[in-house]
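Please walk me through this model in the viewer. Tell me what to select at each stop and what is there.

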Amino acid sequence: MNNALDLAGIGIGPFNLSLAAVSEKNSALRAHFFDEKPLFQWHSEIIFPDSDMQTAFLKDLVTGVDPTSPYSYLNYLVQNGLFHSFMNTNRNVVTRKEFELYCRWVTQQMSEKLSFNCRIETLDYDGKLFTIGTKTKNFKAKNICVGTGISPKIPAFAETHIGKDFFHAKSEFLKNLDARNKRIVIIGGGQTGVEIFRNALKGKWGCAKSVTIISSRPNLEPLDESAFTNEYFSPNYADDFFTINTQLKIKIVDYQKLSSDGNTPSYLQSLYNDLYYSQNVEKSPVNFKILPFRRLESARKNNKYYELCLTNHFTQKKERLYADVVILCTGFENSVPKFINSIRHLIQFDENDSFRINKDFSIQWEGHSDNKIFAQNFSRYEHGIFEPQTSLMAWRSAVITNAVSQKQVYQIKNFVPNFLSYDCVK
Ligand SMILES: Cc1cc2nc3c(=O)[nH]c(=O)nc-3n(C[C@H](O)[C@H](O)[C@H](O)COP(=O)(O)OP(=O)(O)OC[C@H]3O[C@@H](n4cnc5c(N)ncnc54)[C@H](O)[C@@H]3O)c2cc1C
């Protein structure tokens with residue numbers, strides 16, 4: 001890599017991997033992507049055998065904009081001799097483990113443009129080019145794309161307790177959990193919470209004394225994946241949404257939460273059936289509880305156990321709970337990576353200290369207009385609810401590819417109209 005790249009991608013999660021694959025259609029583009037991990041991994045700490053994608057497999061890294069790409073899920077199936085067997089599974093969504101394997105296979109097909117074991121720590125800008133650096137090497141690029149992903153969200157009061165008996169689900173502590181004869185309390189009733197609850201009841205980490213899940217929502221709320229709701233995850237809706245005012249965007253995205261953050265309905269059904277069997281047929285000794293409409297307010301360590309203080313929003317009373325192990329399934333957050341600090345003064349941030357992002361997913365900044373900083377997974381409140389999800393990642397990669405190439409490599413507007421019309425009736 002002697003000459004400057006046209007595009008350097010920082011992070012190789014699904015979003016930048018999609019960009020690497022989609023941008024290849026412009027063969028003149030010199031692109032390279034970097035990740036600190038030794039190989040592609042997709043939230044692997046919290047993948048279980050019963051963890052399914054919440055998105056159809058055809059919404060893979062590339063197919064939405066280029067079904068002829070060699071990096072499609074279908075090509076992964078064919079090249080690995082899986083096609084016929086896969087068809088017999090009748091699946092529309094695949095396991096998260098297999099999606100990870102598919103992405104890893106894609107990384108092997110394009111290994112010359114991906115570097116693993118490369119943590120980007122520094123970023124400089126000289127008015128013409130960016131220089132990104134690891135501890136040992138520097139790379140120059142005309143444009144960069146930040147795809148550094150999300151990190152665990154930990155409530156402030158919990159920070160002092162973090163350790164092997166009190167941890168966020170996305171951590172090494174989960175792998176090493178010994179639940180035998182312990183009171184396990186899971187905080188958070190989203191998909192990760194219910195998956196850990198179900199796996200703990202099945203004895204994945206040993207036979208627990210009790211397993212309790214606490215949710216601040218009034219129920220274990222289902223994902224809304226109905227047809228009209230799914231139009232939120234379409235380029236046409238993304239186009240219309242981008243034009244409305246910021247305050248309204250926030251309200252709408254919050255209202256749409258369950259189209260993205262709910263629990264897979266079929267998973268809830270299986271969990272319910274498991275509980276029925278365990279309690280009424282098997283008469284299992286494991287004691288379980290689902291406590292909705294509660295918020296964990298504080299935690300105190302008492303010798304070997306934790307005393308948890310909850311507010312019950314149904315009875316409006318305080319409650320106390322005792323736990324030997326507390327697993328936080330309290331979600332994820334974006335944070336602007338540290339390497340941005342050196343050019344922070346050139347960048348426009350919003351009131352939440354997040355990037356202000358243009359329609360083509362470049363951030364608003366005062367550098368030369370030939371040099372763009374793209375950002376993926378930072379724009380839920382600017383572009384819409386689809387942005388942190390995989391559904392439109394291929395399309396977003398096409399938008400970024402066009403912008404970096406400064407020409408139309410992909411058609412990004414050739415879609416029939418949605419059935420729901422938000423724009424003026426013409
Ligand atoms: C458990 C879970 C399940 C999900 N399931 C679905 C689903 O079914 N459907 C769906 O649409 N969405 C799902 N999502 C949401 C979304 O698709 C994922 O969060 C997805 O991983 C986002 O991709 P990403 O590329 O932005 O980030 P990530 O996957 O988080 O990848 C970021 C990468 O950047 C690397 N990195 C970070 N900093 C640096 C640095 N300084 N230098 C080099 N590398 C760096 C990291 O090592 C990492 O590999 C899920 C999210 C979670 C947490």
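Select α1 and α12 together. From α1, the contact takes in Pro14, Phe15, Ser18, Leu19, Val22 and Ser23. Facing them in α12 are Met393, Ala394, Ser397, Ala398, Ile400, Thr401 and Val404. Colour this contact by class: 9 residues are nonpolar, 4 are polar and none is charged. The model is a predicted one, so keep its confidence colouring at hand.

Now draw the two axes. Those of α1 and α12, the latter covering residues 393-405, come within 8 Å of each other. They cross at roughly 55 degrees. The pair is therefore oblique, because angles under 35 degrees count as roughly parallel and 65 to 115 as roughly perpendicular. Look down on the crossing of α1 with α12: the hand is right.

Keep α1 and swap its partner. Select α4, residues 96-109. Here the axes of α1 and α4 lie 11 Å apart, at an angle of about 40 degrees. This pair, too, is therefore oblique. Its crossing is left-handed. Show the side chains next. Pro14, Leu17 and Ala21 of α1 meet Cys103, Val106 and Thr107 of α4. By class, this contact between α1 and α4 holds 5 nonpolar residues, 1 polar residue and no charged ones. Note Pro14: it appears in the contact with α12 and in the contact with α4.

Stay on α1 and turn on the ligand. Which residues come nearest to the ligand? They are Gly11, Gly13, Phe15, Gly149 and Thr390, out of 32 residues around it. Phe15 is also among the α1 residues that meet α12. Helix α1, residues 14-23, gives the largest share of the shell, with 3 residues. Colour the whole shell by class. It divides into 13 nonpolar, 15 polar and 4 charged residues.

Zoom out and colour by domain. Domain 1 is built from two segments, 5-152 and 333-405. Domain 2 likewise takes 156-222 and 262-328. The centres of the two domains, over C-alpha atoms, are 33 Å apart. Select the contact between them: 9 residues come from domain 1 and 12 from domain 2. On the domain 1 side, the residues touching domain 2 are 3 nonpolar, 3 polar and 3 charged.

For the last stop, select α6 (residues 191-201) and α10 (residues 265-281). Their axes come within 11 Å and cross at roughly 30 degrees. That makes α6 roughly parallel to α10, since the angle falls under 35 degrees. The crossing is left-handed. On α6, pick Val194, Arg198 and Leu201. On α10, pick Tyr267, Leu271, Asp274 and Ser278. These residues of the α6 and α10 contact divide into 4 nonpolar, 1 polar and 2 charged. Set that beside the contact of α1 with α12, where no residue is charged.

Methods
Residues are numbered from 1 along each chain as its sequence is written. This is a predicted model: local features need pLDDT of at least 70, side-chain atom pairs count only at pLDDT 80 or more; totals for chains, interfaces and linings use all residues. A residue is near a molecule or strand if its C-beta atom, placed from the backbone, lies within 6 Å of it. Helices (H or I, at least four residues) and strands (E, at least two) are DSSP runs, numbered from the N terminus. Ala, Val, Leu, Ile, Met, Phe, Trp, Tyr, Cys and Pro count as nonpolar, Asp, Glu, Lys and Arg as charged, and the others, Gly among them, as polar. Domain bounds come from an automatic or database domain assignment. Two residues are in contact if their C-beta atoms, placed from the backbone, lie within 7 Å. Axes are lines fitted to C-alpha atoms, for helices over the stretch in contact, and angles run from 0 to 180 degrees between N-to-C directions. Angles under 35 degrees count as roughly parallel, over 145 as roughly antiparallel, 65 to 115 as roughly perpendicular and the rest as oblique. A crossing is left-handed if the near helix is turned anticlockwise from the far one by less than a right angle, and right-handed if clockwise.
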